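Reader: I've got a structure here and a few questions about it. Could you walk me through what stands out?

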Amino acid sequence: MTDDDRPSNPYLTGLFAPVRDEVTAFGLPVTGRIPDGLNGRYLRNGPNPLGVDDPAAYHWFTGPGMVHGVRLRDGRAEWYRNRWVRSDSVAGQLGEKQLRGPRHQDMDFAPNTHVLRFGGRILATVEGGALPYELDEELGTLGPYDFQGTLPGGFAAHTLVDPASGDLHAVAYCWAYPYVEYLVAGTDGRIKRRVDVPVEGSPMMHDFSLTESYVVLYDLPVGFSMDAAIAGAGLPYAWQPEKQARIGLLPRATDTGAGGIRWIDIDPCFVFHPMSAFEERTPDGGLRLVIHLVRYDRMFADGRHGPDECPPRLERWTVDVNAGRVRQEGLDERPVEFPRIDPRRTTARHRYGYGVQQPTDGYGDTRAARHVTEATAGGPPVGQMGLGIVKFDLERGTSEVHRVHPDGDVGEAAFVPAEPGGPDAAEDDGWLFAYSFDPVRGATDLLILSAQDISGEPVAAVHLPARVPVGFHGNWMPDE
Ligand SMILES: [Fe+2]
C-alpha cells in the first residue's frame, strides 16, 4: 500500500492494517501467571484482506476472515497461530486447492466475524448468506459446514447457546430472501427448528436477543441497497430513512411459526449488538423483557468504509409485552461496543456486563480526518478503537474500567467462568480475555483480567510475536 492510499480508507491503515503472514510461535512469554485450570484456546476472528484492488471501495466488514488463537495448557502459553479461513478465493490467492464441501448460492466468503465451538466443532461464522467454515484445533480450515445438510440457506455471525438446553440459536438473513430465518441447532450439530419470518427491505440483522420465552428480532432501517450494489459499494447496505424501525417478539415455544410474532414500532436507530436480555414479571402480573444493548442513532447513512458515523451507547430497553411498548433509557455517556456477559447467564437475570470503551471523538467526517492527520503527525495510533474494558454493574448503575496504554488498543473481552458450574456460581467469578495492542512492544498481548478486579493489573499478559489487527469477536474454548 502506498502512502497515497492512506487517506482513502482508514480501515486499511494503522492498527486496522492487515497482516501479511501466517505465524506459528511456541512457548510464548508471559507476564504474571496464567491461572490453573485454563486449558483450551482463545480464538478471535476479524477481517484481513489479501490484496485490495480498490482501497477507496474497501469496507471493513468485507475482508476475508483471519482467526488469531492462543493455546493455553497447564499454566503455559503453548502457541500462537493466525490463519486465514480458506474460502475458495482465499485458497486461490494463497495458491492452494479449493476445499471440498457444501456451498450456498455460489457465495464464496471467508467468515470474518465470529468463531465459536459447538457440538465439538470450531466454526468461523459470518452473516448475509454465506456458510460457516469448520476449523481444526490448530486453526486450519476443514471446509464449509452446513450442519450436516440440515441448514436451509446461509447462516449467521452471532449465535447464542441457551444454557438450559445447550441448543444453539441464530437468526440468519440474506439479501436475496424476503424473510429472515430463526434457526435452532441441537448439540448433535443438526438444525432442528426453523421459522422464516417475512420482512421488507432485506434488513441487516447482525444479532438478536433470547429470553426464556422469546426471540427478539431487530428489524431496523439498514437494508440491502441495489443502488449501492450497482455503484460498487464494498458493503451494499444503507440507511433506509423511510422504513419503520421495529422489534419483533417471536415466541420460542409455540408452533405458530412466524404467525406468532408480535412487532413493536420504535424510533429509528440501529443495533449491532445486544448485551443481554431477560424476563421479569410486572407488579400487575404482566411480562416485560429487559434488554441491554448498544444503540446507534443511525448507521450507513453516509459512512462508506465502516460503522463510524456516530457513537455507540449502552441502553436499557424495557419491553412491556402486554402493552406493546418499549422504554429506552441511556445507561452511560461513554461510547462502548462489543458487549458481553457471563454466557451462563444467557436468558437469565444478571448483574454484570462488559464492553469496550471507544474514543469519544473521531465519528463521522472527523474519523477519516483524524486518521489522515495522525498517520502523518504521529500521536495516538491510527485506528485506535478500544481505550479500555468496562465492567458495568447494571443493578447499581456503576462501572469500573481497565484502561490500556493510552497509545494502545484493546478489543472485545470474552468472559471465561472460573468454574464450569451453572448459574448459581458467582456471576463475576472468572476472567476476561482480550487482545490488546502494546505500543511499546509494537505487538499484541492476550490479556487475562480478573473480572472481580478488572481495574487491577492483568492476572496475565501473554506476549504474542505479532500484531493482531483490530477485529471482531471471539471465544474461549476450554478443552473438552
Ligand atoms: Fe458483531
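**Metal site and pocket**

Reader: Which residues are the protein donors of the iron ion?

Author: Keep in mind that this is a predicted model. In it, the protein donors lie 2.0 to 2.1 Å from the iron ion, and each uses its NE2 atom. They are His-158, His-206, His-273 and His-473.

Reader: What is the site of the iron ion like, going by the angles among its four donor atoms?

Author: Those angles run from 91 to 163°. Four donors count as tetrahedral only if all angles lie between 85 and 135 degrees, and square planar needs the angles other than the opposite ones to be between 65 and 115. The site comes out as irregular.

Reader: How many residues apart are His-158 and His-473?

Author: The donor spacing in sequence reads H-x47-H-x66-H-x199-H. His-158 sits in the loop between strand 9 (141–144) and strand 10 (159–161), while His-473 is in the loop between strand 32 (460–463) and strand 33 (474–478). So this pair links distant parts of the chain, 315 residues apart.

Reader: Are those two, His-158 and His-473, buried or exposed?

Author: The cut-off for that label is under 20% relative accessible area. Both His-158 and His-473 are buried.

Reader: Now the second largest pocket: which element gives the largest share of its lining?

Author: The pocket holds about 1,000 Å³ of space and is lined by 50 residues, with Phe-61 and Thr-62 among those nearest its centre. Helix 1 (88–93), strand 20 (270–281) and strand 24 (336–340) each supply at least two lining residues. The largest share is three residues, from helix 1.

Methods:
Residues numbered from 1 in each chain as written. Predicted model: local features only at pLDDT ≥ 70, side-chain atom pairs only at ≥ 80, totals over all residues. Heavy atoms only, no water. Donors = N, O, S within 2.8 Å, 3.2 Å for Na, K, Ca; no water. Tetrahedral: all angles 85-135°; square planar, octahedral: opposite > 155°, others 65-115°. Helix = DSSP H or I, 4+ residues; strand = E, 2+ residues; numbered from the N terminus. Buried < 20%, exposed > 50% of the residue type's maximum accessible area, 1.4 Å probe, protein only. 1 Å grid on protein atoms, 1.4 Å probe; cavity = no way out; pocket = protein on both sides within 12 Å on 5 of 7 lines; lining within 4 Å. Points joined across faces, edges and corners; volume = space filled by probe spheres on them.
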